[in-house]
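User: I'd like to go through the labels on this one and hear what backs each of them. Can you take me through it?

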Amino acid sequence: LSAGTITLDEISDNYINALEKNSSLSITGTTTDIEAGQKVTVNFNNVNYETIVKSDGTFSVEVPVSVVQALENGQTYTVMAYVADAANNVTVMDKEDVIVDTTVDTIILDPISEDGYLNAQEAQEPLVITGKTDGIEPGQIVTVSLNGKEYSTTVGLDGKFEVTVPLVDVQVLKDGVKYPVEAKVEDKAGNETSFESDVKVDLVTGTLVLNEISPLTGLPFKSV
């Protein structure tokens with residue numbers, strides 16, 4: 001008779017991030033042609049955790065938070081699971097890797113509209129918002145928020161990103177109001193980082209008054 005099979009589920013999306021490193025780690029999987037009640041051994045970081053096959057063929061173990069917290073950032077850990085059927089056919093095994101990545105990388109916004117102000121002319125054009133990241137993988141989604149709306153893009157190969165706020169959204173911004181702008185992104189491990197800036201709308205055009213100059217004194221005439 002042939003042995004059954006055992007399959008580990010993907011562990012924590014293949015990454016343990018900064019938030020997950022402060023929680024216990026659930027390791028789950030499924031078996032086929034293995035009787036309920038058979039012992040499953042899961043080896044993680046050279047420690048064995050034992051459980052049994054459930055009636056639906058699944059199994060799970062919980063790695064304590066104290067063990068997870070002791071894992072080294074940047075390291076890849078291989079998880080192995082073993083089981084044999086009741087007839088003691090050859091033990092079958094599966095393995096999955098999980099990477100510890102607790103580094104919170106950075107994202108910054110360039111000055112909005114170059115100087116932090118949106119003037120009368122700029123308020124009649126789409127608004128381009130740019131920025132850059134450090135340590136974030138290319139292709140990760142960046143979300144920029146302005147005036148209750150979100151605009152999404154992806155990190156480029158050079159770490160930079162760009163979104164365009166449509167003209168219709170720019171034109172509803174109110175004169176004299178300073179609007180907060182937030183950019184946020186997650187790395188592949190799920191570590192989120194964000195950055196806040198702002199832009200002030202100033203649509204009032206100032207005036208310039210020239211006074212008449214006296215040819216005798218070279219000074220402006222005094223009003224009477």
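Analyst: Sure. Bear in mind that this is a predicted model. A search of the whole structure turns up 1 aromatic pair.

User: What makes the pair of phenylalanine 44 and tyrosine 77 tilted?

Analyst: The ring centres are 5.9 Å apart, and the cut-off for a pair is within 6.5 Å. The planes sit at 45°; under 30 degrees would be stacked and over 60 edge-to-face, so what remains is tilted.

User: Which parts of the chain does the pair link?

Analyst: Distant ones: phenylalanine 44 belongs to strand S4 (residues 39-44) and tyrosine 77 to strand S7 (residues 76-83), 33 residues apart. Both phenylalanine 44 and tyrosine 77 are buried.

User: Why does threonine 31 count as buried?

Analyst: Its relative accessibility is 9%, and buried means under 20%, so the label fits threonine 31. You'll find threonine 31 in strand S3. Beyond its neighbours within four places in sequence, threonine 31 is in contact with Thr5, Ile6, Val53, Gly57, Phe59 and Val83.

User: How do you know that S1 and strand S3 pair?

Analyst: Pairing takes at least two bridges, and S1 and S3 (residues 25-32) have 4, in the antiparallel sense. So they qualify. As for threonine 5, its bridge partner in S3 is threonine 32.

User: And which residues make up the covered and uncovered faces of strand S1?

Analyst: In S1 (residues 5-8), Ile6 and Leu8 are on the covered face, while Thr5 and Thr7 are on the uncovered one. In a regular strand, side chains alternate between the two faces of the sheet.

Methods:
Residues numbered from 1 in each chain as written. Predicted model: local features only at pLDDT ≥ 70, side-chain atom pairs only at ≥ 80, totals over all residues. Heavy atoms only, no water. Buried < 20%, exposed > 50% of the residue type's maximum accessible area, 1.4 Å probe, protein only. Helix = DSSP H or I, 4+ residues; strand = E, 2+ residues; numbered from the N terminus. Contact = heavy atoms within 4.5 Å. Phe/Tyr/Trp six-rings, centres within 6.5 Å; stacked < 30°, edge-to-face > 60°.
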